Amino acid sequence: MDLSIVIVNYNVKEFLTQCLDSIFRSQTQYSYEVIVVDNASKQQAQADILARFPQTVWVANSTNVGFGKANNQGFALAQGTYTLILNPDTVLAEDTLEKCLSHMMAHPEIGGLGIK
C-alpha cells in the first residue's frame with residue numbers, strides 16, 4: 001500500500017461525499033486506502049457513504065474525541081508507506097495524488113509535503 005488517506009468527519013456529509021468522489025476519481029498508478037474517522041456526527045452519513053464508496057474504511061466514534069485523537073485512530077489503521085491528512089471539505093484534482101506521491105518517492109529525504 002503506497003498511501004493511506006485519513007479524513008476526520010464531523011457533520012459534513014455533503015463535503016465528505018464530494019471529497020471522496022474526488023479521491024476515487026483520481027488518476028494514479030499508486031495504491032491507496034481511505035480511512036474516515038467520524039467524530040459522533042449527528043448526521044447519519046455512514047450508510048450512504050459506504051453504499052457509494054464501499055472501499056472506504058469507516059471508524060464511528062460514539063463521542064467527539066477531537067481532531068488530533070481522531071487522526072491518531074486513523075493512523076493506527078493506516079497501512080500505507082505515506083499518510084495524507086485530508087480535510088473533508090477538500091476536492092482533489094485528478095492528478096494530485098499521482099504528482100504528490102511521485103514527488104515523495106523521487107525525494108526520499110522529504111519528511112512531509114504540503115499542498116494548496
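**Entry 1: Ser 41**

I began with Ser 41, which I located in the loop between β2 and α2. I note at the outset that the model is predicted. I then asked whether Ser 41 is buried or exposed. Its relative accessibility is 11%, so I recorded Ser 41 as buried, the limit being under 20%.

Next I looked up which residues Ser 41 touches, leaving aside those up to four places away in sequence. I found Asn 9, Tyr 10 and Asn 11. For Asn 11 I also noted a polar contact: the side chain of Ser 41 reaches the backbone nitrogen of Asn 11 at 2.7 Å.

**Entry 2: Asn 11**

That contact led me to Asn 11 itself. I placed Asn 11 in the loop between β1 (3-9) and α1 (13-24). The polar contact with Ser 41 therefore joins a residue of the β1–α1 loop to a residue of the β2–α2 loop.

I checked the backbone of Asn 11 and found a phi near 60°, a positive value in a residue other than glycine. As to accessibility, Asn 11 has a relative accessible area of 25%, so I entered Asn 11 as partly exposed.

**Entry 3: Ala 40**

I turned to Ala 40, which is found in the loop between β2 (32-39) and α2 (46-52). Ala 40 is not a glycine, yet I read a positive phi of about 60° for this residue.

**Entry 4: Thr 17**

I then moved to helix α1, where Thr 17 lies. I recorded Thr 17 as buried because its relative accessible area is 13%. What does the side chain of Thr 17 have at 2.8 Å from one of its polar atoms? I found the backbone oxygen of Lys 13 there.

I also listed the residues that Thr 17 touches, again not counting those up to four places away in sequence: Ile 49, Arg 52 and Phe 53.

**Entry 5: the largest pocket**

Last, I examined the largest pocket, in which about 540 Å³ of space lies. The elements that give two or more residues to its lining are β4 (82-85) and α4 (96-106). Which of the elements gives the largest share of the lining? I found that α4 does, with 5 residues.

In all, 26 residues line the largest pocket. I noted those that lie nearest its centre: Thr 83, Leu 84, Cys 100, Leu 113 and Ile 115. I sorted the lining by residue type and obtained 16 nonpolar, 9 polar and 1 charged.

Key
Residues numbered from 1 in each chain as written. Predicted model: local features only at pLDDT ≥ 70, side-chain atom pairs only at ≥ 80, totals over all residues. Heavy atoms only, no water. 1 Å grid on protein atoms, 1.4 Å probe; cavity = no way out; pocket = protein on both sides within 12 Å on 5 of 7 lines; lining within 4 Å. Points joined across faces, edges and corners; volume = space filled by probe spheres on them. Helix = DSSP H or I, 4+ residues; strand = E, 2+ residues; numbered from the N terminus. Nonpolar A, V, L, I, M, F, W, Y, C, P; charged D, E, K, R; others polar. Buried < 20%, exposed > 50% of the residue type's maximum accessible area, 1.4 Å probe, protein only. Polar contact = N/O pair within 3.5 Å; in protein donor to acceptor, adjacent residues only side chain to side chain. Contact = heavy atoms within 4.5 Å.
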